[in-house]
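Biologist: I should like to understand the spaces in this structure and the ligands within them. Please explain the reasoning behind each term as we proceed.

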Amino acid sequence: MTTPTFTPRVFSGIQPSGGLTLGNYLGAIKRFVSMQDEAFETIYCMVDLHAITVWQDPADLRRNTRELAAGFIASGISPEKSILINQSQVPEHAQLAWIFNCVARMGWMKRMTQFKDKAGKNAEAASLGLFGYPALMAADILIYHATHVPVGEDQKQHLELTRDIAAKFNHDYGVDFFPLTEPVIEGAATRVMSLRDGSKKMSKSDPSDASRINMTDDADTIAKKIRKAKTDPDALPSEAEGLADRPEARNLVNIYAALNDQSVAEVLRDVGGQQFGAFKPLLAELAVSKLSPISSEMARLMADPSEIDQILKRGARQARDITAPILEKTYEIVGMVR
Ligand code: AMP
Ligand code: TRP
């Protein structure tokens, strides 16, 4: 069988299930922006169908979807360069997900750590959608034949499953139809940690607001959260190895490096030897200078969401030019009468 060459195409998604955090920005969105200018077609998605795998108040979901779109645009994702969509307006995602539900195996799904984390102790009460979530994620990616998926570290296992689903589909039907997608997990901030606990991921679902920086936080709030961030009593080291057993210190240096487009080594060359009393104000100033233009642009866009809604409508039309033929071909391969 000949191996088809797939056009380099990037897809990634974020759930509109709450506000955007600095973790989403550094781990995902900032890198989505830079990939627009490389030799890729780029498609970015608000995954509203994924969001409802846990309860979402309808009014909040609508607002969060628009706010996430505003966050994408304010961060530099251009509707001229990228296709920007919400998942539910491109029905082929859910249609392909059904087929993948029939390709993925129960045993594979049961190993997914995000399901175990999110379902918690009472897995019997979790929705069936939460369990099947990774098959929909695989469909999001493969309905575009996407070749590259930029994400944070926590999504690695889901991307391995996406490759397993593509490989099993290709094998079972004797085709070379779906690409084996490459995860793109790069940069200093693939895993931004909680400001209160260096062993926990910064997350929009953490009950403590002080644990995260929200993209909509004002300058004072950002500065205060950084000032109060958990640290240790030692000065900063001059080399990255010195951060090995210091999760909180490492996290703040990683955040600084990612915000300033520097490597950790470069940052430590400048700030090595400083106490946190000196470093935290520098970090706060940097964070405010990078984030406040984004949050004010988000507020401007949210003042009249009709512009956002138009962008998403147009994005859905562009997306369906890609997804409809891929779904048709999939149905044909599977043996559905058309
Ligand atoms: P979610 O908010 O869970 O839908 O995540 C959206 C994207 O942000 C995914 O690519 C995640 O890997 C990334 N992400 C979420 N939290 C973090 C974090 N604390 N550090 C780095 N990346 C993150
Ligand atoms: N599961 C991802 C998260 O929780 C969101 C997501 C859904 C996604 N579909 C995707 C990410 C496709 C990348 C590609 O962060």
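Modeller: The discussion below takes the ligands, then the pockets, then the cavities of this predicted model.

Biologist: What makes Gln15, Tyr133 and Asp140 polar contacts of ligand 2?

Modeller: A polar contact requires a pair of N or O atoms within 3.5 Å. An oxygen atom of ligand 2 is 3.3 Å from an N or O atom in the side chain of Gln15. For Tyr133, a side-chain N or O atom is 2.6 Å from a nitrogen atom of the ligand. A polar side-chain atom of Asp140 lies 2.7 Å from a nitrogen atom of ligand 2. Each pair therefore meets the cut-off of 3.5 Å.

Biologist: How do you know how much of ligand 2 is buried by the protein?

Modeller: Taken alone, ligand 2 exposes 370 Å², and the protein buries 92% of that area.

Biologist: Which residues come nearest to ligand 2, and which element gives the largest share of its shell?

Modeller: There are 14 residues around ligand 2, of which Gln15, Tyr133, Met137, Asp140 and Gln155 come nearest. Helix H7 supplies the largest share of the shell, four residues. Strand S1 (9–14) and helix H7 (128–142) each supply at least two residues. By class, this shell has seven nonpolar, six polar and one charged residues.

Biologist: What makes Gly152, Asp154 and Lys204 polar contacts of ligand 1?

Modeller: The cut-off of 3.5 Å between N or O atoms applies here too. At Gly152, a backbone N or O atom lies 2.8 Å from an oxygen atom of ligand 1. The side chain of Asp154 has an N or O atom 2.4 Å from an oxygen atom of the ligand, and that of Lys204 has one at 2.8 Å. These pairs are within the limit and therefore count as polar contacts. Taken alone, ligand 1 exposes 480 Å², of which the protein buries 92%.

Biologist: Which residues surround ligand 1, and how do they divide by class?

Modeller: Of the 17 residues around ligand 1, Gly152, Asp154, Val192, Met202 and Lys204 come nearest. The shell divides into six nonpolar, seven polar and four charged residues. Helix H1 (residues 22–36) gives the most to this shell, with four residues.

Biologist: Why are ligand 1 and ligand 2 said to sit in the largest pocket?

Modeller: A molecule sits in a pocket if more than half of its atoms lie within 2 Å of the grid points of that pocket. The space taken by ligand 1 is the largest pocket, and the space taken by ligand 2 is likewise the largest pocket.

Biologist: What is the volume of the largest pocket, and which residues are closest to its centre?

Modeller: The largest pocket has a volume of about 1200 Å³. It is lined by 44 residues, and Gln15, Gln114, Asp154, Gln155 and Lys201 are the closest to its centre. The elements that give two or more residues to the lining are S1, H1, H6, H7 and helix H8 (156–173). The largest share, five residues, comes from H1. By class, the lining divides into 14 nonpolar, 18 polar and twelve charged residues.

Biologist: Which residues lie closest to the centre of the second largest pocket?

Modeller: The second largest pocket holds about 270 Å³ of space. Of its 15 lining residues, Arg31, Glu186, Gly187, Ala188 and Asp261 are the closest to the centre. H1 gives the most to this lining, with five residues. The lining has seven nonpolar, three polar and five charged residues.

Biologist: Why is a space called a cavity and not a pocket?

Modeller: A space is called a cavity because a 1.4 Å probe fits there but cannot get out, whereas a pocket is open. The structure holds two cavities of 30 Å³ or more.

Biologist: What lines the largest cavity?

Modeller: Its lining consists of Met112, Gln114, Phe115, Lys118, Leu130, Phe131, Tyr133, Pro134 and His158. Helix H6 (113–119) and H7 are the elements that give two or more residues, and H7 gives the most, with four. About 50 Å³ of space lies in this cavity.

Biologist: What lines the second largest cavity?

Modeller: The residues are Pro79, Ser82, Ile83, Leu84, Ile311, Arg314, Gly315 and Gln318. Helix H13 gives the most to this lining, with four residues. The volume is about 30 Å³.

Methods:
Residues numbered from 1 in each chain as written. Chains lettered and ligands numbered in written order. Predicted model: local features only at pLDDT ≥ 70, side-chain atom pairs only at ≥ 80, totals over all residues. Heavy atoms only, no water. Near = heavy atom within 4 Å. Polar contact = N/O pair within 3.5 Å; in protein donor to acceptor, adjacent residues only side chain to side chain. Areas by Shrake-Rupley, 256 points an atom, 1.4 Å probe, with all protein chains shown as cover. 1 Å grid on protein atoms, 1.4 Å probe; cavity = no way out; pocket = protein on both sides within 12 Å on 5 of 7 lines; lining within 4 Å. Nonpolar A, V, L, I, M, F, W, Y, C, P; charged D, E, K, R; others polar. Points joined across faces, edges and corners; volume = space filled by probe spheres on them.
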